[in-house]
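Please read this briefing with the sequence and the structure side by side. The points below are grouped by topic.

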Amino acid sequence: EFRRAARINGIEISQIVQISETAAQMRADGHDVVALSTGAPDFPTPDFVIQAAHNAALAGQTGYTATAGTNELRDEIAAQSHVTRAHVIVSTGAKQVLANAMLATLNDGDEVIIPTPYWTSYSDIVTMAGGTAVTVPCPMSQGFKLTPEDLEKAISPETRWLMLNSPSNPSGAIYTKSEIRALAQVLANHPHVWVLADEIYEHLSYVPFTSFAVAAPELAGRTLIVNGVSKAWAMTGWRIGWGIGPAPLIRAMIAVQGQITSGACSISQAAALAALTGDRKLLSDRLQDFDARRKLVVGGLNAMAGITCPEPDGAFYVFPNIEGMMAKGGFATCTDACNWLLEKAHVAIVPGTAFGLPGHARISFAYGQDDLNEGLTRMASALKNCV
Ligand code: PLP
């Protein structure tokens with residue numbers, strides 16, 4: 001009889017993927033579904049990046065690369081972050097960087113502090129690696145951000161990591177330089193706590209962005225920066241992300257990666273190198289587009305009764321409070337409300353429970369304005385009829 005390992009008790013494919021797959025199935029069954037559930041830009045990967053991949057494949061860059069990534073790509077990442085190659089690992093998406101880091105460092109029962117709401121995979125990756133996720137509520141009233149006081153309270157002798165995500169998925173919150181400094185001051189008194197700063201949405205910032213590494217250089221000896229090409233360059237399918245951190249940590253992560261994937265795809269690494277060294281005008285053009293969508297979605301949602309939507313500072317999600325709508329429609333949970341919207345209005349959005357904060361929902365605006373307008377119109381008319 002089949003038996004799952006205890007290590008993956010309670011772990012399933014993420015609720016985000018489940019909803020997106022349900023929406024895709026409904027579409028395949030002939031329903032006209034507007035999916036606003038996925039965090040993948042609707043833009044294509046830039047042509048020059050695809051061309052570089054093509055050239056690399058034709059030039060024979062089709063074998064295994066070094067486990068940690070090609071020297072060219074690691075050196076470029078290192079140069080852009082003012083470190084050396086030994087501080088860089090290239091992995092199969094930013095997600096694998098997170099998994100490598102947790103597998104390489106956590107012993108059973110080690111704690112990882114996760115400000116909540118958080119990207120769905122954080123807690124599952126920690127659990128799979130044998131750690132204990134310590135979620136710290138960061139409600140809308142505090143801009144969905146961790147306060148220094150709450151950080152101090154959450155730290156125990158077992159704490160191994162603080163996982164910080166700025167700009168945040170799902171809230172779009174960005175920690176300012178002074179907010180990072182305030183957190184760093186708490187961490188200064190707890191030298192056993194390391195920081196994983198996931199900055200995958202760095203280039204999708206509508207307000208000034210400060211990297212944790214820049215704001216808190218004194219913690220460089222225990223900071224891992226996570227980044228990648230997936231979001232900004234619209235390259236989610238190429239699966240390239242990287243980690244930048246202390247050399248002993250990077251070596252341990254390379255050891256883990258070597259036993260799991262052997263390393264990232266050679267062609268994708270050539271593509272990522274082209275992205276990193278190429279013209280960045282495309283990024284600023286797209287950012288303007290995302291900004292217009294952000295305003296459209298925030299305005300549209302705030303016009304609906306029972307929905308309160310703060311303006312996100314970064315990424316391409318809004319994370320409104322929908323408790324008014326839940327009360328009005330008699331929905332016990334935000335999951336019920338989102339399921340109802342999918343069934344009745346054929347709009348797919350993700351309930352806040354997927355991010356550890358019920359009473360909210362995440363709407364992605366990584367979609368074209370037509371889809372966004374259609375989704376908003378459907379939501380508004382469904383809400384009018386839900387009482
Ligand atoms: N980190 C955050 C906060 C994300 O939202 C995502 C993707 O949704 C990732 C990491 C994973 O990125 P990648 O597709 O490069 O693995």
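Helix 13 (residues 334-345) and helix 14 (residues 369-384) pack in this predicted model with their axes 10 Å apart and at an angle of about 105 degrees. Because that angle falls within the range of 65 to 115 degrees, helix 13 and helix 14 count as roughly perpendicular to each other.

**Where helix 13 meets helix 14**

- On the side of helix 13 the contact is made by L341, K344 and A345, and these residues meet R378, M379 and A382 in helix 14.
- Sorted by character, the residues of the contact of helix 13 with helix 14 comprise four nonpolar and two charged residues, with no polar ones.

**The sheet of seven strands**

- Seven strands form an open sheet with mixed pairing, and their order across the sheet is 2-8-7-6-5-3-4.
- Strand 2 (88-91) and strand 4 (132-137) are the edge strands of this sheet, each of them pairing on one side only.
- From one strand to the next, the twist averages 20 degrees.
- Strand 3 (residues 111-116) pairs with strand 4 in the parallel sense, over six bridges, and within this part of the sheet E111 stands opposite T132 in strand 4.

**Helices lying across these strands**

- Helix 4 (residues 94-105) lies across strand 2, strand 5 (159-165), strand 6 (194-198), strand 7 and strand 8, and its direction is at about 45 degrees to strand 8.
- Helix 5 (residues 121-128) lies across strand 3, strand 4 and strand 5, and runs at about 155 degrees to strand 4.

**The sheet of three strands**

- An open sheet of three strands is also present, with antiparallel pairing and the order 9-12-11.
- Its edge strands, each pairing on one side only, are strand 9 (317-318) and strand 11 (350-351).
- Strand 11 and strand 12 (residues 361-364) run antiparallel and are joined by two bridges, and P351 stands opposite A361 in strand 12.

**R239 and its surroundings**

- R239 is placed in the loop between strand 7 (223-228) and strand 8 (241-244).
- R239 counts as buried because 20 other C-beta atoms lie within 10 Å, and the cut-off for a buried residue is 20 or more.
- Leaving aside residues up to four places away in sequence, R239 touches T92, G93, A264, C265 and S268.
- R239 and A272 are 33 residues apart in sequence, and their C-alpha atoms are 9.5 Å apart in space.

**Backbone features in the loops**

- Most residues other than glycine have a negative phi, and most peptide bonds are trans.
- The peptide bond from T116 to P117 is cis, with omega near 15 degrees, and P117 is found in the loop between strand 3 and helix 5.
- S166 and P167 are likewise joined by a cis peptide bond, whose omega is about -10 degrees, and P167 has its place in the loop between strand 5 and helix 7 (177-188).
- F144, although not a glycine, has a positive phi of about 60 degrees, and F144 is found in the loop between strand 4 and helix 6 (148-154).
- F144 counts as buried because it has 24 C-beta neighbours inside 10 Å.
- S262 is not a glycine, yet has a positive phi of about 70 degrees, and S262 lies in the loop between helix 9 (247-258) and helix 10 (266-277).
- S262 is exposed, because 12 other C-beta atoms lie within 10 Å, and a residue with 12 or fewer is counted as exposed.

**P139, in the loop after strand 4**

- P139 is placed in the loop between strand 4 and helix 6.
- P139 is partly exposed, because 14 other C-beta atoms lie within 10 Å, a count in between the limits for exposed and buried residues.
- P139 and L357 are 218 residues apart in sequence, while the distance in space from C-alpha to C-alpha is 8.1 Å.

**The annotated domain**

- An unreviewed UniProt entry lists residues 32-374 under the label "domain: Aminotransferase class I/classII large".
- Over residues 32-374 the chain is 40% helix and 15% strand, and the C-alpha atoms at the ends are 11 Å apart.

Methods
Residues numbered from 1 in each chain as written. Predicted model: local features only at pLDDT ≥ 70, side-chain atom pairs only at ≥ 80, totals over all residues. Helix = DSSP H or I, 4+ residues; strand = E, 2+ residues; numbered from the N terminus. Contact = placed C-beta atoms within 7 Å. Axes fitted to C-alpha atoms, helices over the stretch in contact; angles between N-to-C directions. Parallel < 35°, antiparallel > 145°, perpendicular 65-115°, else oblique. Nonpolar A, V, L, I, M, F, W, Y, C, P; charged D, E, K, R; others polar. Pairing = 2+ DSSP bridges. UniProt positions renumbered as here; feature names shortened; annotations may be inferred.
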